[in-house]
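Q: Can we go through this one together? I'd like to start in the middle and work outwards.

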Amino acid sequence: MTARFNHTIVHARDKRISADFLTQVLELPAPAPFGPFLSVQLGNDVALDFVDDDGEIATQHYAFLISEAEFDRIFARIVGRGLAYWADPGRHRPGEINTRDGGRGVYFEDPSGHFLEILTRPYGSGG
């Protein structure tokens, strides 16, 4: 049996703002309505379904594997928007990127406080 990850629900203070932020920063297709959700389709047939939540948001971590060329464009948008970013998940290296496994990576927050990461090499891939 093969189980493949299909989708998850992402709680947001404002689903439109958060879904639009993600699609704009990561160069993804516009979010599509699906019931109470705004669905953001990723490149590997996985969807992030954003839903409004008036309560306290339990922030999550979402990591996105991208190419080197995509990293350059996405990182330029992060900097252009004046977003804080870090080289590490503990936020001890602000304003830096990391070069783990011979690639590049950086962490930043979305409008609801979720901790997003872009990386060009999977962890443990060496290099």
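**Inside and out**

Q: What does Phe50 touch, leaving out residues up to four places away in sequence?
A: Phe50 touches Val10, Ala12, Lys15, Ser18, Ala19, Leu22, Pro36, Phe37, Leu38, Val40 and Asp110. Contact here means heavy atoms within 4.5 Å.

Q: Any ground rules before I go on?
A: This is a predicted model, where local features need pLDDT of at least 70, side-chain atom pairs count only at pLDDT 80 or more, and totals for chains, interfaces and linings use all residues. Residues are numbered from 1 along each chain as its sequence is written, and side-chain values use heavy atoms, with hydrogens and water left out.

Q: Which residues touch the most other members of the largest nonpolar core?
A: Leu22, Leu48, Phe50, Phe64, Ile78, Phe108 and Ile118, out of 25 residues in that core. A nonpolar core is a set of buried Ala, Val, Leu, Ile, Met, Phe, Trp, Tyr and Cys residues joined through side-chain atoms within 4.5 Å. Buried means under 20% relative accessible area, exposed over 50%, and partly exposed in between, with a 1.4 Å probe and protein chains only.

Q: Which elements supply at least two residues each?
A: Strand 1 (7-12), helix 1 (15-26), strand 3 (37-41), strand 4 (47-52), strand 5 (61-65), helix 2 (68-80), strand 7 (105-109) and strand 8 (115-119). Helix 1 gives the largest share, five residues. Helices (H or I, at least four residues) and strands (E, at least two) are DSSP runs, numbered from the N terminus.

Q: Back to the neighbours of Phe50. Where is Ser18, and is Ser18 buried or exposed?
A: Ser18 lies in helix 1. Ser18 is buried, at 1% relative accessible area. Beyond four places in sequence, Ser18 is in contact with Ala12, Phe50, Asp110, Pro111 and Ser112.

Q: And Ala12, buried or exposed?
A: Buried, with a relative accessible area of 0%. Ala12 lies in strand 1. Setting aside neighbours within four places, Ala12 is in contact with Ser18, Phe50, Val51, Asp52, Asp53, Ile57 and Ser112.

Q: How far apart are Ala12 and Asp110?
A: They are 98 residues apart in sequence and 9.5 Å apart in space, C-alpha to C-alpha.

Q: Now for empty space. How many cavities of 30 Å³ or more turn up?
A: Two, from a search of the whole structure. The largest cavity has a volume of about 50 Å³. Val10, Ser18, Leu22, Leu48, Phe50, Tyr62, Phe64, Asp110, His114 and Leu116 line the largest cavity. Helix 1, strand 4 and strand 5 are the elements that give two or more residues to that lining.

Q: How are cavities and pockets defined?
A: On a 1 Å grid over the protein atoms alone, a cavity is a set of points where a 1.4 Å probe fits but cannot get out. A pocket is an open set with protein on both sides within 12 Å along at least five of seven lines, and lining residues have an atom within 4 Å of a point. Grid points are joined across faces, edges and corners, and a volume is the space filled by probe spheres set on the points.

Q: What about the largest pocket, how many residues line it?
A: The lining has 17 residues, and Leu42, Gly43, Asn44, Phe64 and Leu65 lie nearest the centre. The space in the largest pocket is about 330 Å³. Strand 5 gives the largest share of the lining, four residues.

Q: Switching to helix 2. Which of its residues are buried?
A: Phe71, Ile74, Phe75 and Ile78. Down the axis of helix 2, the buried residues fall within an arc of 105°, so they line one face. The arc is that of the directions from the helix axis to the C-beta atoms.

Q: What do those buried residues pack against?
A: Helix 1, strand 6 (85-86), strand 7 and strand 8.

Q: What follows helix 2?
A: Gly82, with a positive phi near 70°.

Q: Which residue other than glycine has a positive phi near 60°?
A: Glu27. Glu27 sits in the loop between helix 1 and strand 2 (32-34). Glu27 counts as partly exposed, at 35% relative accessibility.

Q: And what is the phi of Asp101?
A: About 55°, positive although Asp101 is not a glycine. Asp101 lies in the loop between strand 6 and strand 7.
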